[in-house]
Amino acid sequence: PNCVSSFADKNDPHYIAPLTSKLDIEDKVNRMHQLLSAKSNIEVIHSETHYLRAEATSSFWGFVDDIEFIFTGEQIHMRSASRLGYSDLGVNRQRLETIRSEF
């Protein structure tokens with residue numbers, strides 16, 4: 001109840017559609033890295049050829065959420081999950097949809 005993932009079954013309420021882009025993988029990773037690094041509450045923790053992991057920290061309580069991206073072909077699979085709590089009140093889905101629109 002506290003995460004969304006493009007790897008979840010499409011009928012699962014935790015499913016979120018992957019991002020699509022025709023950029024080559026290196027350009028997609030670089031673009032995502034720049035987009036996330038520009039946000040004051042997100043820190044990129046690990047980045048490699050087909051994978052990027054970041055942490056988002058909430059401004060009020062300081063809770064940390066894990067964000068992951070896997071870059072394949074024309075898709076960018078994504079996952080955002082809260083480390084604590086039972087429900088995220090839609091924050092993870094909203095975060096990834098904002099990243100989708102900004103990408």
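How many residues does helix H2 have, and how far does H2 reach from its first C-alpha to its last? Helix H2 (residues 91-102) has 12 residues and reaches 16 Å, close to the 16 Å expected at 1.5 Å a residue. The expected span is 1.5 Å times one less than the number of residues in the helix. Helices (H or I, at least four residues) and strands (E, at least two) are DSSP runs, numbered from the N terminus.

A word on the ground rules: this is a predicted model, in which local features need pLDDT of at least 70, side-chain atom pairs count only at pLDDT 80 or more, and totals for chains, interfaces and linings use all residues. Residues are numbered from 1 along each chain as its sequence is written, and side-chain values use heavy atoms, with hydrogens and water left out.

**The two helices**

Let us stay with H2, where Asn92, Arg95, Leu96 and Ile99 are buried. Seen down the axis of H2, the buried residues fall within an arc of 90°, so they line one face of the helix. The arc is that of the directions from the helix axis to the C-beta atoms. Gln94 and Ser101 are exposed on the other side of H2. Here buried means under 20% relative accessible area, exposed over 50%, and partly exposed in between (1.4 Å probe, protein chains only). The buried residues of H2 pack against strands E1 (3-5), E4 (51-57), E5 (64-72) and E6 (75-82), and against helix H1 (25-37).

H1 has 13 residues and reaches 18 Å from its first C-alpha to its last, close to the 18 Å expected at 1.5 Å a residue. In H1, the buried residues are Ile25, Lys28, Val29, Met32, Leu35 and Leu36. Seen down the axis of H1, these fall within an arc of 130°, so they line one face of the helix. Glu26 and Gln34, on the other side of H1, are exposed. The partners of the buried H1 residues are strand E2 (19-20), strand E3 (42-48), E4, E5, E6 and H2.

**Three residues to look up**

| Residue | Place | Relative accessible area |
|---|---|---|
| Asn2 | segment before E1 | 15%, buried |
| Ser47 | strand E3 | 34%, partly exposed |
| Ser80 | strand E6 | 0%, buried |

Contact means heavy atoms within 4.5 Å. Leaving aside neighbours within four places in sequence, Ser80 is in contact with Asn2, Cys3, Val4, Asp66, Ile67, Asn92, Arg95 and Leu96. One of these, Asp66, is 14 residues from Ser80 in sequence and 5.6 Å away in space, C-alpha to C-alpha. With residues up to four places away again not counted, Asn2 touches Ser80, Ala81, Ser82, Leu84, Gly85, Tyr86, Ser87, Asp88 and Asn92. On the same terms, Ser47 touches Val29, His33 and Leu52. Ser47 and Asn2 are 45 residues apart in sequence and 24 Å apart in space, C-alpha to C-alpha.

**The largest pocket**

The largest pocket has a volume of about 430 Å³. Of the 23 residues that line this pocket, the closest to its centre are Ser58, Asp65, Asp88, Val91 and Arg95. A pocket is found on a 1 Å grid over the protein atoms alone, as an open set of points where a 1.4 Å probe fits, with protein on both sides within 12 Å along at least five of seven lines; lining residues have an atom within 4 Å of a point. Grid points are joined across faces, edges and corners, and the volume is the space filled by probe spheres set on the points. H2 gives the most to the lining, with five residues.
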